[in-house]
Amino acid sequence: MKLKQLEGLLGGLDQFSQPKVELEQYPTGAHIASRMIYTAENSYEDISGKIVADFGCGCGTLGIASALLGAEHVLGIDVDPESLEIAGENVTDLELDVDFLRCDIRTLNLKGLLVDTIVMNPPFGTRKKGADMDFLSLSLKVASRAVYSLHKTSTREHIKRTALRDYNAKSAEVLCELRFDVPQMYKFHKKKEVDIAVDLWRFVP
Amino acid sequence: MRLLTHNMLSCNIKGVTNGFPLKLEADKWVTKEVDLNADFLRGVFPKIEWPALVAAARALDYGDLPEQADGSMLTSEDFLRRFHHALLELHVEEGALVCPETGRKFPISKGIPNMLLHEDEV
């Protein structure tokens, strides 16, 4: 599947109807999501034929992108039932097979070495401090091949240091810097739209 | 929920040491055919908890998996087909996952298990 086609399909997905600010629910736009998963597959072969988990899947964008690029099995995990309902509808609309699990990432207990790759757009930790690091720490314990994640560029040095020194990552690489379009979604958003600089990371556990 | 997912899930209640495998109680399930990928099956086989898969498949009235399995069976197309079917083609829609140690039930609704813990379980 070509990148443009993938981006088109992801652009048609339903997103959060009533986003919850305390969970930092922001849709991963089709532009970023398509490039993220396309790179994971084309540069690293981390998607096709693999078992992929989407941590904090929301409405399922990254997991769905993985399924579209040939992941053998996809599991999306989120704490919010409304998002999971939308995610389920998105999957049905595209006639894909994606499993979902309602669970808090902090209490998740996935046994074994079954998950190859984790893809995620975790909370940045603006609401619940340290949420981004919780997601990163857990993902490095679960994935056996690679973790793809988005974090604010302003946290780059902290992320790299923590991943390598504290979470025992073999490598932590910024694949590219992207602009995350955040539309005016919440009452506290003053501007119509804002660009946040985010890094696309690839970690090897 | 596919049985491949079931094979990964363990009870996450604080203090539980024997939370795997979760017992599967299924009220509704469906079969969805999907292409068999032999390379994938051969690669995933060593990571699968076989008895848990057999028990879960039986809960879905699928009794065609051998009680015990080893790597030499992976050359058999017949075995691969049964393994593939149990692992990837059976989808639980409604039911529950039961913790073997505490008996706590995690409901499965519309194919999605709810493993969100109560405050006193964390």
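# Exercises on cysteines, salt bridges and a chain interface

In this predicted model, A:Cys103 is buried, with a relative accessible area of 1%. The exercises below start from that residue and then move on to charged pairs and to the contact between the chains.

## Exercise 1: The cysteines

Work out why A:Cys103 is not bonded to the closest cysteine sulfur, and find how many disulfides there are over all chains.

**Solution.** Begin with the general idea that a disulfide is a covalent bond between the sulfur atoms of two cysteines. The next step is to apply the cut-off, which asks that the two sulfur atoms lie within 2.5 Å. For A:Cys103 the closest cysteine sulfur belongs to B:Cys11 and is 10 Å away, which is too far for a bond. Turn then to B:Cys99, whose nearest cysteine sulfur is also that of B:Cys11, at 3.4 Å, and which is in no disulfide. B:Cys99 counts as buried, since its relative accessibility is 2%. The count over all chains therefore comes to 0 disulfides, given the cut-off of 2.5 Å.

## Exercise 2: Salt bridges within a chain

Take the pairs A:Arg106 with A:Asp134, A:Glu177 with A:Arg156 and B:Arg82 with B:Asp78, and decide for each where in its chain the two partners lie.

**Solution.** Over all chains the structure holds 23 salt bridges, and the three pairs are treated one after another.

1. In the bridge between A:Arg106 and A:Asp134, the closest N and O atoms are 3.2 Å apart. A:Arg106 sits in the loop between β3 (99–102) and β4 (117–120) of chain A, while A:Asp134 belongs to helix α5 (residues 131–142), so the pair ties together parts that are 28 residues apart in sequence. A:Arg106 is partly exposed at 41% relative accessibility, and A:Asp134 is partly exposed at 30%.

2. For A:Glu177 and A:Arg156, the closest N and O atoms are 3.2 Å apart. Here strand β6 (residues 171–183) of chain A contributes A:Glu177 and helix α6 (residues 156–165) of chain A contributes A:Arg156, so that parts 21 residues apart in sequence are tied together. Both partners are partly exposed, A:Glu177 at 45% and A:Arg156 at 26%.

3. B:Arg82 and B:Asp78 approach to 3.0 Å between their closest N and O atoms. These two residues are 4 apart in helix α4 (residues 77–89) of chain B, a separation of about one helical turn. B:Arg82, with 29% relative accessibility, is partly exposed, and so is B:Asp78, with 36%.

As a last step, salt bridges that share partners join A:Arg156, A:Glu177, A:Arg179 and A:Asp199 into one network.

## Exercise 3: The contact between chain B and chain A

Describe the interface by its residues, by its area and by its polar pairs.

**Solution.** Start with the residues: 30 of chain B are in contact with 23 of chain A. The area buried between the chains is about 2,400 Å², and carbon and sulfur atoms give 59% of this. On the side of chain B, the residues that lose the most area to chain A are B:Met8, B:Lys47 and B:Leu116, which together account for 28% of what that side buries.

Next come the polar pairs, with 12 residue pairs in polar contact between the chains and a count of 4 salt bridges. One of the bridges links B:Arg2 to A:Asp97, with 3.6 Å between the closest N and O atoms. Finally, consider the make-up of the side of chain B that touches chain A: α1 (3–6), α2 (38–44) and β4 (112–113) of chain B each supply at least two residues, and by class this side has 16 nonpolar, 8 polar and 6 charged residues.

Key. Residues numbered from 1 in each chain as written. Chains lettered and ligands numbered in written order. Predicted model: local features only at pLDDT ≥ 70, side-chain atom pairs only at ≥ 80, totals over all residues. Heavy atoms only, no water. Contact = heavy atoms within 4.5 Å. Buried area = accessible area lost by both parts, 1.4 Å probe. Salt bridge = Lys/Arg side-chain N within 4 Å of Asp/Glu carboxyl O. Polar contact = N/O pair within 3.5 Å; in protein donor to acceptor, adjacent residues only side chain to side chain. Nonpolar A, V, L, I, M, F, W, Y, C, P; charged D, E, K, R; others polar. Buried < 20%, exposed > 50% of the residue type's maximum accessible area, 1.4 Å probe, protein only.
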